[in-house]
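Trainee: I should like to discuss this structure with you, beginning with its pockets and then turning to one helix and the chain as a whole.

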Amino acid sequence: MPVLERLQQATQQVQPGPLSLSFGTLVRVNGMILTVAGGQYTLGQRYQVEGQHGHWIEAEVVGFDRDQAFLMPLTDASGLTTGARVRPLMQDQALTVSHALLGRVVDGLMQPLDAGPALNKGEPITAQLTAVNPMQKKGVTTPLDVGIKAINGLFTVGQGQRLGLFAGSGVGKSKLLGMMTRFTSADVVIVGLVGERGWEVKDFIEHSLGRDGMRKAVVVAAPADQSPLLRMRSAELAHRLAAWFRDQGLHVLLLVDSLTRYAQAQREIALSVGEPPATRGYPPSVFSKLTQLVERAGNSNDSSGSMTAIYTVLAEGDDQQDPIADAARAILDGHVVLSRELAESGHYPAIDIGASISRVMPNIVSEQQLKHCYSLKRLYGRYQEVRELLPLGAYQAGRDAELDKAVALYPDIEHFLCQGLQQQVTLAETEEQLATLVAKYA
């Protein structure tokens, strides 16, 4: 091979480096915010701040004011000193994604949290969530089997739907998410654990998911003790990974626990940089971020796959008018409400069928199933009218035929709505059981 040709090949393989490296200076630390002067900073760009012992702490630009920039650390920020140097992170922020991710647990920066090997082989993609043209979004036309008969029968989930799971603390939402992960007909499940307590992450993986669930799952975890910026990045990374698997032609189920903690992380960041609080202490940017995140889920005309998203929403004090819960209802395609009263009575899953709805269900199920669903809901609602009178003996049968039917049928309705943790019920089985139940007292 001629020397000139070899030289040209070698030149093409050399990556040009920066001719100069500009350093900024750390001038202030206020809570979680690092104020830096000097240099030019880009919103969302990552930088490194020099620590006392020569180590470098990674941070991200979350705002700026005139010639000063505000950075928030992604990791522990101990050991900072006055006048510390700040340099841009020269490494590319691209992610390396492949099917080897299945069965793995990673953090918000896609660093392994399990004992598995490094994730450095695969297709490089950008870490940023990209907006989808609304005219390029594909509608929801096909049901998705989640293995839960109360949801399959009464609030059928469609491939590409965005559904909210509204619950207070301790009513069984994590168990329900684990059942969906194990029983769903989706090809891949992406689980985003945002702001959970540290021990809950391992407990969810070992007990709620189990080995069967982990085989086709990727878990992105950011416990509550991590930076609010990293908690936000974990939710966004879960969406980015789900979109990649969808674009491979696979049917993906994305589970995010929880949307409320994502909003709380954004609130911490916004208040730290001086944004004024609005509704119950939530700055306006929180609601904008929620919409941007949720709109990244769904189907695309460019892919034969689908991306279904289920978000848990923590209702503080079981208040369904909480601002985050109220905003989530407006931007999601349906919601399933878990009742504390039902949970305390041993009714599992504790789904309040009167307060729940799936907005896409009429478009994806048969007219017969829809008719049976409405009939059961009506009978359930009529029973609730006299539920408190029955123990007192104040209800008199024979005056209202439909009410008598509801009272007689209620034990069968309750049996239909309850399901064991290890019990899977398919869509076909659910439809058959629902038809049998409604026809019993037709």
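Trainee: How do the residues lining the largest pocket divide into nonpolar, polar and charged?

Mentor: This is a predicted model, and its largest pocket holds about 710 Å³ of space. The lining of that pocket consists of 30 residues. They divide into six charged, seven polar and 17 nonpolar.

Trainee: Which residues lie nearest the centre of the largest pocket?

Mentor: Strand S4 (56-65), helix H5 (228-247), helix H6 (259-272) and helix H7 (284-294) each contribute at least two residues to the lining of the largest pocket. From the whole lining of 30 residues, those nearest the centre are Gly-44, Glu-60, Arg-233, Glu-236 and Lys-289.

Trainee: What is the volume of the second largest pocket, and which residues are closest to its centre?

Mentor: The volume of the second largest pocket is about 430 Å³. Its lining has 24 residues, and the closest to the centre are Gly-170, Lys-173, Ser-174, Arg-197 and Glu-200.

Trainee: Which helix gives the largest share of the lining of the second largest pocket?

Mentor: By character, the residues of this lining are nine charged, eight polar and seven nonpolar. At least two lining residues come from each of helix H3 (173-183), helix H4 (198-214) and H6. The largest share amounts to five residues, and its source is H4.

Trainee: Helix H11 covers residues 367-386; what span is expected for it, and how far does it reach?

Mentor: H11 has 20 residues, for which 1.5 Å a residue gives an expected 28 Å. The distance from its first C-alpha to its last is close to that value, at 30 Å.

Trainee: Against which helices do the buried residues of H11 pack?

Mentor: A residue is called buried when its relative accessible area is under 20%. In H11 the buried residues are Gln-369, Leu-370, His-372, Cys-373, Leu-376, Leu-379, Tyr-380, Arg-382, Tyr-383 and Val-386. Their packing partners are helix H2 (149-154), helix H9 (340-344), helix H10 (361-364), helix H12 (401-417) and helix H13 (427-440).

Trainee: What percentage of the residues in the chain is buried?

Mentor: The chain contains 13 helices and 20 strands, and its C-alpha trace spans about 95 × 55 × 40 Å along the principal axes. Among contacts with a separation of 6 or more, 71% join residues 24 or more positions apart. Of the 442 residues in the chain, the buried portion is 49%.

Key. Residues are numbered from 1 along each chain as its sequence is written. This is a predicted model: local features need pLDDT of at least 70, side-chain atom pairs count only at pLDDT 80 or more; totals for chains, interfaces and linings use all residues. Side-chain values use heavy atoms; hydrogens and water are left out. On a 1 Å grid over the protein atoms alone, a cavity is a set of points where a 1.4 Å probe fits but cannot get out, and a pocket is an open set with protein on both sides within 12 Å along at least five of seven lines; lining residues have an atom within 4 Å of a point. Grid points are joined across faces, edges and corners, and a volume is the space filled by probe spheres set on the points. Helices (H or I, at least four residues) and strands (E, at least two) are DSSP runs, numbered from the N terminus. Ala, Val, Leu, Ile, Met, Phe, Trp, Tyr, Cys and Pro count as nonpolar, Asp, Glu, Lys and Arg as charged, and the others, Gly among them, as polar. The expected span of a helix is 1.5 Å times one less than its number of residues. Buried means under 20% relative accessible area, exposed over 50%, partly exposed in between (1.4 Å probe, protein chains only). Contact means heavy atoms within 4.5 Å.
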